[in-house]
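Dear colleague,

I am passing a structure on to you, and I would be grateful if you could look through it before reading my notes. The sequence and the coordinates come first, and my description comes after them.

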Amino acid sequence: MHALEEIAAGVATATEATGLSRAELRNVLNRSVPATVLQAFGSEKVREAKPGVEEELLRDLLLAHARPGDQTSACFAKIIARRALRHDHLWLELGLSDRSELSLLLAIHFPTLAAGNTNHMRWKKYLYRMLCEAEGFSLCTAPSCRECKEYKNCFVAEQSETPGCATGLN
């Protein structure tokens, strides 16, 4: 998981890497993480990580589509929003094995948002497209995605995504 690598390298604290507060992090870890991994997060050394505007917009988008009353979905919204700010494919930044795992995670915790990605747009691009559309902006000047010269960089078949992919972001 990239968050653990960032923590181990001293690049980020556990709250900075995940976007969760100390209390949320402690709660999630105590419920679902083995003790050895729990120690790696070093929760006694964390400081509260303040989200920036972009992260808050992503978080709000995810929360608007989260399963109602589901605290796990709310935590995933924060984690996904934080990791989406990183440069690699979103599924890689989340420490998942492939894009299909991210698709499943989003379908379970953010079903209406996931259902809207009918053309298999890369998830990070899809999230940002949703943000832009909500604000009345367009991501590109092409009248439709199919006419855009970047079409192949935005859309991908589920089964073709591999860790070595060099085009676009997921």
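What follows is a short account of what was found, from the whole chain down to single residues.

Please keep in mind throughout that this is a predicted model. The chain contains 11 helices and zero strands, and reading along the sequence one therefore meets the pattern α-α-α-α-α-α-α-α-α-α-α. Of its 170 residues, 40% are buried, and the chain exposes about 9300 Å², of which carbon and sulfur atoms supply 56%. As for how the chain contacts itself, 66% of the contacts between residues at least 6 apart in sequence join residues that are at least 24 apart.

One pair of helices may be a useful place to begin. Two packed helices are described by the angle between their axes and the distance between the axes. For helix α5, which covers residues 53-64, and α10, the axes come within 10 Å and cross at roughly 95 degrees. Because an angle of 65 to 115 degrees counts as roughly perpendicular, α5 and α10 are roughly perpendicular to each other. On the α5 side the residues that meet α10 are E54, L57, L58, L61 and L62, and their partners in α10 are L127, Y128, M130 and L131.

Helix α10 also carries the one aromatic pair that the structure holds. W123 and Y126 form this pair, which is edge-to-face, with 5.6 Å from centre to centre and 85 degrees between the planes. The two residues are three apart in helix α10 (residues 123-134), so about one helical turn separates W123 from Y126. Both W123 and Y126 are buried.

W123 leads on to another helix. L102, which is placed in helix α8 (residues 99-109), lies 21 residues from W123 in sequence, while the C-alpha atoms of L102 and W123 are 8.2 Å apart in space. L102 has a relative accessible area of 0%, and because anything under 20% counts as buried, L102 is a buried residue.

The loop between α9 (111-115) and α10 contains H120, whose phi is near 60 degrees, a positive value in a residue other than glycine. For comparison, most residues other than glycine have a negative phi. H120 is partly exposed, with a relative accessible area of 38%.

Which residue's side chain makes a polar contact with the side chain of R83? The partner is E93, at 2.9 Å. R83 belongs to helix α6, which spans residues 71-84, and R83 is buried, with a relative accessible area of 2%. Leaving aside residues up to four places away in sequence, R83 touches H2, A3, E6, A17, L90, E93 and L94, so that E93 appears both among these neighbours and as the polar partner.

A second polar contact between side chains is found at T13, a residue in the loop between α1 (2-8) and α2 (14-18). The side chains of T13 and T15 are joined there by a polar contact of 3.1 Å. T13 has a relative accessible area of 12% and is buried.

With best regards

Conventions: Residues numbered from 1 in each chain as written. Predicted model: local features only at pLDDT ≥ 70, side-chain atom pairs only at ≥ 80, totals over all residues. Heavy atoms only, no water. Helix = DSSP H or I, 4+ residues; strand = E, 2+ residues; numbered from the N terminus. Buried < 20%, exposed > 50% of the residue type's maximum accessible area, 1.4 Å probe, protein only. Polar contact = N/O pair within 3.5 Å; in protein donor to acceptor, adjacent residues only side chain to side chain. Contact = heavy atoms within 4.5 Å. Areas by Shrake-Rupley, 256 points an atom, 1.4 Å probe, with all protein chains shown as cover. Phe/Tyr/Trp six-rings, centres within 6.5 Å; stacked < 30°, edge-to-face > 60°. Axes fitted to C-alpha atoms, helices over the stretch in contact; angles between N-to-C directions. Parallel < 35°, antiparallel > 145°, perpendicular 65-115°, else oblique.
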